[in-house]
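Grab a pencil and keep the 3D view open while you work. Try each exercise yourself before you read its solution.

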Amino acid sequence: MILKKLSIVNYKNIAEATLEMSPKINCFIGHNGAGKTNVLDAVYYLSFCRSSGNPVDSQLIRHDEPFFVLEGEYVADAGTDDDDVLSIYCGMKRGTKKHFKRNKKEYKRLSEHIGLIPLVKVAPGDTLLIEGTSDERRQLMDVSIAQYDNQYIQALANYNKALQQRNIMLRVEEEPNIDLLAIWEEQMAQYGEVVYEARRRFVEQLLPMFQRYYDSISMGNETVGLEYTSHCQRGSLLDVIQRDRHKDRAVGYSLHGVHRDDLCFTLSGHQMKREASQGQKKTFVIALKLAQFEMLRQVSQCSNTPLLLLDDIFDKLDADRVEQIVKLVAGDEFGQIFITDTNREHLNIILDRCSFPHRIFHVENGVIS
């Protein structure tokens with residue numbers, strides 16, 4: 001998919017901008033806090049119906065303004081005719097719900113939009129995949145799978161609903177209704193196993209791609225591993241959930257299920273979190289995201305190359321690793337790319353290495369030129 005034109009009104013610190021995009025490389029240069037990341041976040045929002053960093057939509061509206069509007073005009077990878085333009089609109093006023101439209105027709109459910117414009121974003125905060133909780137690692141799987149498997153979105157929503165209801169029953173003072181508790185447990189098991197199987201297949205396919213990218217960026221200096229762990233691996237999920245019902249009752253929430261799934265990251269056989277340097281961690285998550293990109297490109301239902309957002313990714317990397325990343329993203333296998341950086345030299349290296357069309361935007365205090 002290619003974003004031809006992006007319009008922004010009152011989004012974060014950007015008052016108004018209309019940007020004609022290059023079909024290949026778009027660079028945004030500016031100081032920290034200038035608004036570069038906000039441009040990329042607007043692109044992200046039009047793919048996922050939400051911000052990548054702030055779940056509260058009302059907080060995205062520019063200070064002292066009553067609304068924000070985002071609009072994007074897209075074409076398929078091979079499409080150039082105006083008749084083939086896909087128009088995506090999102091608008092929100094303070095105190096009201098947001099409106100999301102595709103070719104001027106509003107969605108009944110926002111989940112219908114996910115996957116239409118596949119996208120992968122690489123950002124400094126991605127190191128939380130290593131240093132943070134299992135929530136971040138599950139979200140990586142969920143965001144990836146949801147872009148090509150609509151049934152997964154529904155199964156995950158149904159599982160979370162059953163989990164929430166079971167937890168409510170576990171916290172009541174009197175003894176819960178066992179028959180009703182069993183119904184929620186059966187639903188957790190039914191939908192949880194669907195979620196597990198999709199995650200298992202995703203990690204299985206992702207692993208060799210990830211290891212190849214890491215090997216390329218690190219020039220073979222380290223070996224990395226990625227393992228998926230789940231309570232479903234212990235046998236029937238229903239049996240696992242019900243086996244320790246009394247413990248769940250004591251703590252007031254469900255201790256077992258796919259909401260506790262995790263990914264284990266290793267560097268040369270040791271836990272990544274404990275052993276890796278900052279540069280190695282950053283290399284790890286960049287390789288992981290590039291593998292996510294390749295997988296989405298292979299399985300995307302709409303057969304469109306995903307958009308790739310690279311937000312300030314070169315910090316804390318040595319020159320050799322920067323050069324290897326540049327070689328990768330300048331290749332033909334990547335489609336439209338959006339890059340932010342405070343250092344013009346990094347971008348010059350990328351642009352010197354490729355013959356692709358590009359545009360350079362300067363960002364200062366929310367003004368883009």
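**Exercise 1. Find what lies across strands S9 and S10, then work out the sheet they belong to.**

Solution. Start with helix H5, residues 178-218: this helix lies across S9 and S10, and runs at about 175 degrees to S9. Keep in mind that you're looking at a predicted model. Next, look for another helix on these strands: H3 lies across S9 and S10 too, running at about 100 degrees to S10.

Now for the sheet itself. It's an open sheet of 3 strands in the order S9-S10-S11, and the pairing is antiparallel. Strand S9 (224-229) and strand S11 (270-271) sit at the edges with a single partner strand each, so one side of each has no neighbour in the sheet. Zoom in on the pair formed by S10 (residues 262-267) and S11: they're joined in the antiparallel sense over 2 bridges. Put your cursor on Thr266 and you'll see that Gln271 in S11 stands opposite.

**Exercise 2. Trace the strands S5, S6 and S7, and pick out the turn residues with a positive phi.**

Solution. Step one: strand S5 covers residues 86-93, strand S6 covers residues 99-102, and the two pair antiparallel over 4 bridges. To check the alignment, find Gly91, which stands opposite His99 in S6. The hairpin of S5 and S6 has 5 residues between the strands, and Gly95 there takes a positive phi near 85 degrees.

Step two: carry on to strand S7, residues 105-106, which is joined to S6 by 2 bridges and runs antiparallel to S6. Here Lys101 stands opposite Glu106 in S7. S6 and S7 also make a hairpin, with 2 residues between them, and Asn103 in that turn has a positive phi of about 50 degrees.

**Exercise 3. Write down the strand order of the 6-stranded sheet and name its edges.**

Solution. Reading across this open sheet of 6 strands, you get S8-S12-S13-S3-S14-S15, with mixed pairing. The edge strands are S8 and S15 (367-368), and each of them pairs on one side only. At the S15 end, strand S14 (residues 358-364) is joined to S15 by 2 bridges, and the two run antiparallel. Glu364 has Val367 in S15 as its bridge partner. At the S8 end, look for a helix: H9 lies across S8 and strand S12 (307-311), at about 175 degrees to S8.

**Exercise 4. Is Lys281 buried or exposed? Say where it sits and what it touches.**

Solution. First, locate the residue: Lys281 is in helix H9, which spans residues 278-299. Then use the cut-off, because buried means under 20% relative accessible area. Lys281 has a relative accessibility of 7%, so it counts as buried. Finally, list the contacts. Skipping neighbours within four places in sequence, Lys281 is in contact with Ile130, Glu131, Met272, Lys273 and Ala276.

**Exercise 5. Describe the largest pocket: its volume, its lining and where the lining comes from.**

Solution. Begin with the idea behind the search: rolling a probe the size of a water molecule over the atoms shows where empty space is left. The largest pocket holds about 780 Å³ of space. Its lining has 34 residues, and Tyr44, Arg50, Ser52, Gln139 and Val143 lie nearest the centre. Several elements give two or more residues to that lining, including helix H1 (36-48), helix H4 (150-171) and H9. H3 supplies the largest share, 7 residues. Sorted by type, the lining has 13 nonpolar, 10 polar and 11 charged residues.

**Exercise 6. Do the same for the second largest pocket, then follow up on Ile153.**

Solution. This pocket has a volume of about 290 Å³. It's lined by 14 residues, with Arg50, Ile114, Asp142, Ala146 and Ile153 nearest its centre. H3 and H4 are the elements that give two or more residues to this lining. H4 gives the most, with 5 residues. By type, the lining splits into 10 nonpolar, 2 polar and 2 charged.

Now for Ile153, which belongs to helix H4. Its relative accessible area is 22%, so Ile153 is partly exposed. Beyond neighbours within four places in sequence, Ile153 is in contact with Ser111, Ile114 and Ala146. As a last check, compare Ile153 with Glu112: they're 41 residues apart in sequence and 9.8 Å apart in space, C-alpha to C-alpha.

Terms used. Residues are numbered from 1 along each chain as its sequence is written. This is a predicted model: local features need pLDDT of at least 70, side-chain atom pairs count only at pLDDT 80 or more; totals for chains, interfaces and linings use all residues. Side-chain values use heavy atoms; hydrogens and water are left out. Buried means under 20% relative accessible area, exposed over 50%, partly exposed in between (1.4 Å probe, protein chains only). Contact means heavy atoms within 4.5 Å. On a 1 Å grid over the protein atoms alone, a cavity is a set of points where a 1.4 Å probe fits but cannot get out, and a pocket is an open set with protein on both sides within 12 Å along at least five of seven lines; lining residues have an atom within 4 Å of a point. Grid points are joined across faces, edges and corners, and a volume is the space filled by probe spheres set on the points. Ala, Val, Leu, Ile, Met, Phe, Trp, Tyr, Cys and Pro count as nonpolar, Asp, Glu, Lys and Arg as charged, and the others, Gly among them, as polar. Two strands pair if DSSP finds at least two bridges between them. Axes are lines fitted to C-alpha atoms, for helices over the stretch in contact, and angles run from 0 to 180 degrees between N-to-C directions.
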